[in-house]
Amino acid sequence: MEFIDEPNLVRPYSNVYEFKTLLLVDDDHQLAETLQWILADENFLVDVSHDGDEAMLKVTANRYDAVACDILMPHMRGDDFYYQAIEIRPELRSRFVLITGFGNDPKVRAFLNKSGVKSLIKPFPVKKLIDCVRGLVNVPASHCG
């Protein structure tokens with residue numbers, strides 16, 4: 001009878017993937033779905049909301065490593081969502097990136113300047129979003145405005 005060396009068969013579990021969670025908020029369903037797939041391919045677990053109200057429910061119920069959010073959306077604007085979200089989850093203050101196609105709008109510009117929140121102006125290269133989100137969660141490679 002042959003004995004199997006059991007200590008060599010049992011090895012401690014090792015999480016070889018370091019997944020970070022991201023809440024992606026954008027009312028453009030097609031863009032949100034596309035970005036969800038791209039970011040998932042970069043080892044992010046991406047939860048999607050299509051408006052600020054839905055996003056508030058998710059932020060209240062879940063903890064996220066970072067948030068990427070459009071500014072101009074129905075039901076609740078991204079800037080309002082940002083202020084409400086950081087009230088509930090203060091740790092997200094430095095882990096937000098706001099996305100907008102209206103970077104020249106005076107109200108949007110004033111909010112971004114006042115809040116100091118990182119932002120990306122549409123259109124932007126997807127690589128820039130990936131690098132920005134990585135920087136928010138301290139994964140190497142980062143730069144966003």
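Which residues form one aromatic cluster? In this predicted model, the cluster is made up of F81, Y82, Y83, F96 and F111, and a search of the whole structure finds five aromatic pairs. Y82 and F96 form an aromatic pair with edge-to-face geometry, the ring centres lying 4.9 Å apart and the planes standing at 90 degrees to each other. Because Y82 belongs to helix α4 (residues 78-88) whereas F96 belongs to strand β4 (residues 96-100), this pair ties together parts of the chain that are 14 residues apart in sequence. Both partners are shielded from solvent by the computed criterion: Y82 is buried, with a relative accessible area of 2%, and F96 is likewise buried, with a value of 1%.

Y82 also takes part in an aromatic pair with F111, which is again edge-to-face, with 6.1 Å between the ring centres and 70 degrees between the planes. Since Y82 lies in helix α4 and F111 in helix α5 (residues 106-115), the pair ties together parts that are 29 residues apart in sequence. F111 is buried as well, its relative accessible area being 7%. Y82 is thus paired both with F96 of strand β4 and with F111 of helix α5.

The strand that contains F96 is also part of the strand pairing in the model, in which β3 and β4 pair in the parallel sense over four bridges. Within this pairing, the bridge partner of A68 in β4 is V97. On the other hand, strand β1 (residues 20-25) is joined to β3 by four bridges, and these two strands also run parallel; here L22 has A66 as its bridge partner in β3. Strand β3 is therefore paired with both β1 and β4, as strands count as paired if at least two bridges are found between them.

Strand β3 (residues 66-70) is itself mostly covered, five of its five residues being buried. The side chains are divided between two directions, with A66, A68 and D70 pointing one way from β3 and V67 and C69 pointing the other way, and all of these residues are buried. A66, the bridge partner of L22, and A68, the bridge partner of V97, thus point the one way from the strand, together with D70.

With regard to the connection between the strands, β3, α4 and β4 make a right-handed β-α-β unit. The aromatic pair of Y82 and F96 joins two elements of this unit, helix α4 and strand β4.

Key:
Residues are numbered from 1 along each chain as its sequence is written. This is a predicted model: local features need pLDDT of at least 70, side-chain atom pairs count only at pLDDT 80 or more; totals for chains, interfaces and linings use all residues. Side-chain values use heavy atoms; hydrogens and water are left out. Rings of Phe, Tyr and Trp (its six-membered ring) pair if their centres lie within 6.5 Å; planes under 30 degrees apart count as stacked, over 60 as edge-to-face and the rest as tilted. Buried means under 20% relative accessible area, exposed over 50%, partly exposed in between (1.4 Å probe, protein chains only). A crossover is right-handed if, with the strands pointing away from the viewer, the path from the first strand over the helix to the second runs clockwise.
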